[in-house]
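Visitor: I should like a close look at one part of this molecule, namely its helix packing, with some account of the chain that surrounds it.

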Amino acid sequence: MVIEIDFNSDEALYLQLRNQIILGIATSQFHEGDSLPSVRQLADSIGINMHTVNKAYTVLKQEGYVKVDRRRGAVVAIDVDRMRTLTELKKELQVILAKSSCKNISKEEIHELIEEIYEDYH
């Protein structure tokens, strides 16, 4: 997987990295049980601080996308707690849909966007 970081973005680097890895999992570039690059390897390859990579991996672990194995490092381990994930997703979607409503974006337009994006993952 090619990880692209936008150094001019207002979004924190660790969040960009986290999002890139989540997209990699969703698009099957990373699979359950795959080892992610070591903190040092990834930091060197994309030119960011090791602490930034470590923070991204910590967040991914907290969110249930990876587990840390002493021998293998960060390993993709998708959280099977589906109900918790659905609850979190609902909270996030409420804000996104409220923003959309404020901008007069229709339900049909939202559905089209969801279909377009979802096709990338299946």
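Visitor: Among contacts in the chain between residues at least 6 apart in sequence, what percentage join residues at least 24 apart? Please then proceed to the packing around H1, H2 and H3.

Guide: The model is predicted, so local features need pLDDT of at least 70 and side-chain atom pairs count only at pLDDT 80 or more, while totals for chains, interfaces and linings use all residues. Residues are numbered from 1 along each chain as its sequence is written, and side-chain values use heavy atoms, with hydrogens and water left out.

Of the contacts between residues at least 6 apart in sequence, 48% join residues at least 24 apart, a contact being heavy atoms within 4.5 Å. The chain contains 5 helices and 2 strands, arranged along the sequence as α-α-α-β-β-α-α. These elements are DSSP runs numbered from the N terminus, with helices (H or I) of at least four residues and strands (E) of at least two. The C-alpha trace spans about 50 × 35 × 25 Å along its principal axes. Of the 122 residues, 25% count as buried; buried means under 20% relative accessible area, exposed over 50%, and partly exposed in between, with a 1.4 Å probe and protein chains only.

H1 comprises residues 13–26. Its 14 residues should span 20 Å at 1.5 Å a residue, which agrees with end C-alpha atoms that are 20 Å apart; the expected span is 1.5 Å times one less than the number of residues. The buried residues of H1 are Gln16, Leu17, Arg18, Gln20, Ile21, Ile22, Gly24 and Ile25. They pack against H2, H3 and strand E2 (73–76).

The description of a packed pair of helices rests on the angle between their axes and the distance between the axes. Axes here are lines fitted to C-alpha atoms, for helices over the stretch in contact, and angles run from 0 to 180 degrees between N-to-C directions. For H1 and H3 the angle is about 50° and the axes are 8 Å apart. The pair is therefore oblique, the class left once angles under 35 degrees are called roughly parallel, over 145 roughly antiparallel and 65 to 115 roughly perpendicular. The crossing of H1 and H3 is right-handed: the near helix is turned clockwise from the far one by less than a right angle, whereas anticlockwise would be left-handed. H1 contributes Leu13, Tyr14, Leu17, Arg18, Ile21 and Ile22 to the contact, and H3 contributes Thr52, Val53, Lys55, Ala56, Tyr57, Val59 and Leu60. These residues divide into 10 nonpolar, 1 polar and 2 charged, where Ala, Val, Leu, Ile, Met, Phe, Trp, Tyr, Cys and Pro count as nonpolar, Asp, Glu, Lys and Arg as charged, and the others, Gly among them, as polar.

H3 (residues 50–62) also packs with H2 (residues 39–46), their axes coming within 8 Å and crossing at roughly 120°. H2 and H3 are therefore oblique to each other, and their crossing is right-handed. In this contact Val39, Arg40, Leu42 and Ala43 of H2 meet Met50, Val53, Asn54 and Tyr57 of H3. The residues involved comprise 6 nonpolar, 1 polar and 1 charged.

The loop between H1 and H2 holds serine 28. Serine 28 is not a glycine, yet its phi is positive, at about 65°. Most residues other than glycine have a negative phi. With a relative accessibility of 42%, serine 28 counts as partly exposed.
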